[in-house]
Amino acid sequence: MADYTQIWTEKYRPNILSEMINQKPIVERLSAFVKAGSIPHMLFAGPPGVGKTTAALCLTKEFFGDNWKQNYLETNASDERGIDVVRNKIKDFARTQPLGGAFKIIFLDEADALTKDAQQALRRTMEKYSKTCRFILSCNYPSKIIEPIQSRTVVFRFRSFENKDIAELVTKIAKGEKLELDKEALDGLVEMAEGDARAAVNLIQSSAAQNSKLNRTKIYEAAARARPEEVKTILDTAIKGNFQESRKMTQDLIVNKGVSADLFLKELHRKILVAELNNKRKAELLNALAEFEFRILEGANEFIQLDALLARISVMGDD
Ligand SMILES: Nc1ncnc2c1ncn2[C@@H]1O[C@H](COP(=O)(O)OP(=O)(O)OP(=O)(O)O)[C@@H](O)[C@H]1O
Ligand SMILES: [Mg+2]
């Protein structure tokens, strides 16, 4: 029986740097800091769910051992109560002596959400406490961080997970939770995670909620996503002129499986792009898709719009 008492993103979060999948060059450099006993201010940049927080935690745990909690502050730079709240938290934390080391570590998430003025304030705070604290700033877009902060930090660019890395991660979890995960289900997880390790772990946990045997259908249902092959069938059916049948399949996806019209249209888009049709017909299909997607976005009734889209496609023909 799989474990549902814990959130798997926490349960399977690596505790030491060497356990981290992906990000090898970063892991090597961070390990070197631990060995040398000295850590610079750092900027961790990269997409969501690829190990920025994890790397900061691993580094801290390895650096301080059992005392790590007293020496680590994690806070969100974009705390909605403002940069002053953040600076006060830092001040309180920095006031006490580090335990068993020369400094403490402050991890500031979402640094790129700060305004330029707030970043200037943050920079002054960093300078004020840099004797006793090392800052690790985390952000999605390093270009949004002001130059004076960038130049005071060592910048690490975290990468999206490659498919094989996501596969390695979910295979490990499947083993740990004694789940049966066949190749097609694994491919589905990889497809949907799109390089985000957190998304992959959350998805495998929610897919396993009812049953430890995972197949492709269950994975897509848990994500409330349409399987690409289903959407291709719907497209092919409509192109052949069979409006009613394509409508029935679409309704099943939206009504029974809870797929949003938006995600359905995104998948349809991918399928039109790779369909074996001449360019003129493809252009017509894409135009129709764009028109109905826009209407739905503007708030029109999605059932009526999807019907109209499929009807339009089915009268176009397939030549
Ligand atoms: N390199 C990794 N190796 C193994 N698991 C990972 C790795 N990176 C992320 N994960 C998994 O994904 C979860 C989320 O990762 P983490 O919190 O480090 O992401 P993040 O980069 O800080 O994302 P965000 O930008 O959203 O804060 C972790 O709890 C862990 O389960
Ligand atoms: Mg994070």
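**Exercise 1.** How many bridges join E3 to strand E4, and in which sense do the two run?

*Solution.* The model is predicted. Start with E4, which spans residues 133-139. Five bridges link E4 to E3, and the two strands run parallel. Take one bridge as a check: Ile105 has Arg134 as its partner in E4. Now trace the connection. The chain leaves E3, passes through helix H5 (residues 116-128) and arrives at E4. This β-α-β crossover is right-handed.

**Exercise 2.** Find the pairing of strand E2 with strand E3, and name residues that stand opposite each other.

*Solution.* Set the ranges: E2 covers residues 72-76 and E3 covers residues 104-109. Their pairing is parallel, over five bridges. Next, place the residues. Glu74 faces Phe107 of E3. Asn76 stands opposite Asp109, also in E3. Last, add the helix. H4 (residues 83-95) joins E2 and E3 in a β-α-β unit, and that unit is right-handed.

**Exercise 3.** Decide why E3 counts as largely enclosed by the rest of the structure.

*Solution.* Apply the cut-off: a residue is buried if 20 or more other C-beta atoms lie within 10 Å of its own. Take one side of E3: Lys104, Ile106 and Leu108 are buried. Turn to the other side: Ile105, Phe107 and Asp109 are buried too. Both faces are therefore covered, and with six of the six residues buried, E3 is largely enclosed by the rest of the structure.

Definitions and conventions. Residues are numbered from 1 along each chain as its sequence is written. Chains are lettered from A and ligands numbered from 1 in the order in which they are written. This is a predicted model: local features need pLDDT of at least 70, side-chain atom pairs count only at pLDDT 80 or more; totals for chains, interfaces and linings use all residues. Two strands pair if DSSP finds at least two bridges between them. Helices (H or I, at least four residues) and strands (E, at least two) are DSSP runs, numbered from the N terminus. A crossover is right-handed if, with the strands pointing away from the viewer, the path from the first strand over the helix to the second runs clockwise. A residue is buried if 20 or more other C-beta atoms lie within 10 Å of its own, exposed if 12 or fewer, and partly exposed in between; C-beta atoms are placed from the backbone.
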